[in-house]
Amino acid sequence: MRTYGRLLGKSVLLVAACVAVGFALLLAVFALPTEPMVENAVASADIFAKEEGYPTVNFLGGETMLDNFTDSIMLIQAAYREEGASLIDRTVNVYRPFGHGVSPVENFAQYLENGKPEGEAGSNYGRYWHGYLVALKPLLSLFTYGQIRTINAFWVAGLTLAVAFLMRMRGLKRYILPFVLAMLLIDPFAISMSLFYTSVYSVGMLAAIVFLWKRDWLCARMERLALLFVLAGCATSYVDLMTYPLFSYGIPITLCLLNAQGGWKDGLKLIVVTGIAWCVGYGGMWAGKWILGALLSGEDLGVLETIQLRSSTALTEGMSISYARLVARLLVRLRTPMFALAAVYVVAAGVGFLRRSPGEKLAGLTWLPYVVVCLLPFAWFLCMQNHSFIHPWFVYRELAICAFAGMCMLAWLSRKQAAAPAPRA
């Protein structure tokens, strides 16, 4: 217990350090001149006018919805400067020139051309960190939205290829195909076109890269591994606007299980310790922003009301959400040709498993930790029913965790017993 007490103390200190560094970085980018950002935002307005709020793309044979609505919010918040507000006020409250009930896509070009109506106060969006602005503000100073999309495409592709390359270097070639199929299920091409979708994908991939790169050092002590997940949780809270946050835990923990040495109890212990660590980072970073908001601005950020609403089963007045309907609403988003490819892989791996001592492999319960990881997104949906039901076009990407962990489990179970020792959970 003393060991876990020390780990908790270090985790809290790490969260506090992330809060301080994160706030300092935002202060730095909010101090940048906004004139070049406005100029590039003006040059980007035609894209939003042409594509509108939720265009669909069809790179992989299935229609995937982009979220230009939120991307336009991100862009205008990067370029907007609230008159009369101090640097700290602007950093904490993250203003934009129109209210939450107004479509930013419809008002984007109009505001950039005519400015904010005289005497009208900006609307604040302070309950999130908006850490993506640390990258977006400098980028928008130099490039238009279309150019940033191109840069983002190389970024997303580079992260994905880096994970696959490191998996090969670490002797995990058997699991590269499950990884690729799982990522294709959530359409990385669409992710690269939507800044809103990219943030948590980046955190998940970077956490996976760090784990694979420093695997031996991290796995030598559970404390090191746990602190990596604290950082992943902090980074997710910092840059994400509640898209599919559990992704940044589910992908790295599956890789950890593939590299773990021990039985199913050790695998479950790994999930519990790292899961709590990720939650400490994620929840602690949120709390840090709310505390800063209360201390530095004194404004009500509407945090408690938002949490109550998004975790409730209420949809509209007199209507509630059915969990079964919610899950079906998310699963239908996977209805693409990539799902058929994943199904073929599952069948092939399943046949291999049935031909190679299935009873002996099942009796060892080494598959159990993977099943637990597969169930994590469904637990998230249960806790965040309102949010998940209203936003299925991006929340469904949590299911990549199920796909990756499930296919990795089958890949491990279908291996030949005579083969060299494979990673065990």
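Biologist: Happy to look at this with you! Which residues form a nonpolar patch on the surface, and what is their accessible area together?

Modeller: Glad to help; keep in mind that this is a predicted model. The patch on the surface is made up of Ile-88, Ile-291, Leu-295 and Leu-296. Taken together, these nonpolar residues have an accessible area of about 380 Å².

Biologist: Which helix gives the most to that nonpolar patch?

Modeller: Ile-88 belongs to helix α4, residues 87–93. Its relative accessibility is 37%, so Ile-88 counts as partly exposed. The helix that gives the most, with three residues, is α14.

Biologist: Let's turn to charges. How many salt bridges does a search of the whole structure find?

Modeller: Side chains of opposite charge can pair when their charged atoms come close. Here the cut-off is a side-chain nitrogen of Lys or Arg within 4 Å of a carboxyl oxygen of Asp or Glu. Searching the whole structure on that basis, the number of salt bridges found is five.

Biologist: How many residues apart are Glu-223 and Lys-10, the pair that links distant parts of the chain?

Modeller: The closest N and O atoms of Glu-223 and Lys-10 are 2.8 Å apart, and the two form a salt bridge. Glu-223 sits in helix α12 (residues 222–239), while Lys-10 sits in helix α1 (residues 2–30). Along the chain, their separation is 213 residues.

Biologist: Is Glu-223 buried or exposed?

Modeller: Buried means under 20% relative accessible area. Its partner Lys-10, at 37% relative accessibility, counts as partly exposed. Glu-223 has a relative accessibility of 16%, so it counts as buried.

Biologist: Which residues are linked with Glu-223 in a network of salt bridges?

Modeller: Glu-223 pairs with Lys-10. Glu-223 also forms a salt bridge with Arg-221, where the closest N and O atoms are 3.4 Å apart. Arg-221 is partly exposed because its relative accessible area is 40%. The residues that share the network with Glu-223 are therefore Lys-10 and Arg-221.

Biologist: What about Asp-216 and Arg-170: how many residues apart in sequence are the parts this pair ties together?

Modeller: Asp-216 and Arg-170 form a salt bridge, with their closest N and O atoms 3.9 Å apart. Asp-216 lies in helix α11 (residues 215–219) and Arg-170 in the loop between α7 and α8, so the pair ties together parts whose separation in sequence is 46 residues.

Biologist: How many of the ten residues of α8 are buried?

Modeller: The buried residues of α8 include Ile-176, Phe-179 and Leu-185. They pack against α7, α9, α10, α13, α17 and α22. The helix is largely enclosed by the rest of the structure because, of its ten residues, the number buried is seven.

Biologist: On to α19. How far apart are its end C-alpha atoms?

Modeller: Helix α19 has 16 residues, running over 368–383. At 1.5 Å a residue, the helix should span 22 Å. The distance between its end C-alpha atoms agrees with that, at 23 Å.

Biologist: Last one: at which residue does α19 bend?

Modeller: The buried residues of α19 include Tyr-370, Val-373, Pro-377 and Trp-380. Among the helices they pack against are α13, α14 and α22. A proline, Pro-377, follows within four residues of the bend, which is about 30° and falls at Leu-376.

Notes: Residues numbered from 1 in each chain as written. Predicted model: local features only at pLDDT ≥ 70, side-chain atom pairs only at ≥ 80, totals over all residues. Heavy atoms only, no water. Helix = DSSP H or I, 4+ residues; strand = E, 2+ residues; numbered from the N terminus. Expected span 1.5 Å × (residues − 1). Bend = angle between axes of the 7 residues up to and from the residue. Buried < 20%, exposed > 50% of the residue type's maximum accessible area, 1.4 Å probe, protein only. Contact = heavy atoms within 4.5 Å. Patch = residues over 30% accessible without salt bridge, like charges linked within 9 Å, V, L, I, M, F, W, Y side chains within 5 Å. Areas by Shrake-Rupley, 256 points an atom, 1.4 Å probe, with all protein chains shown as cover.
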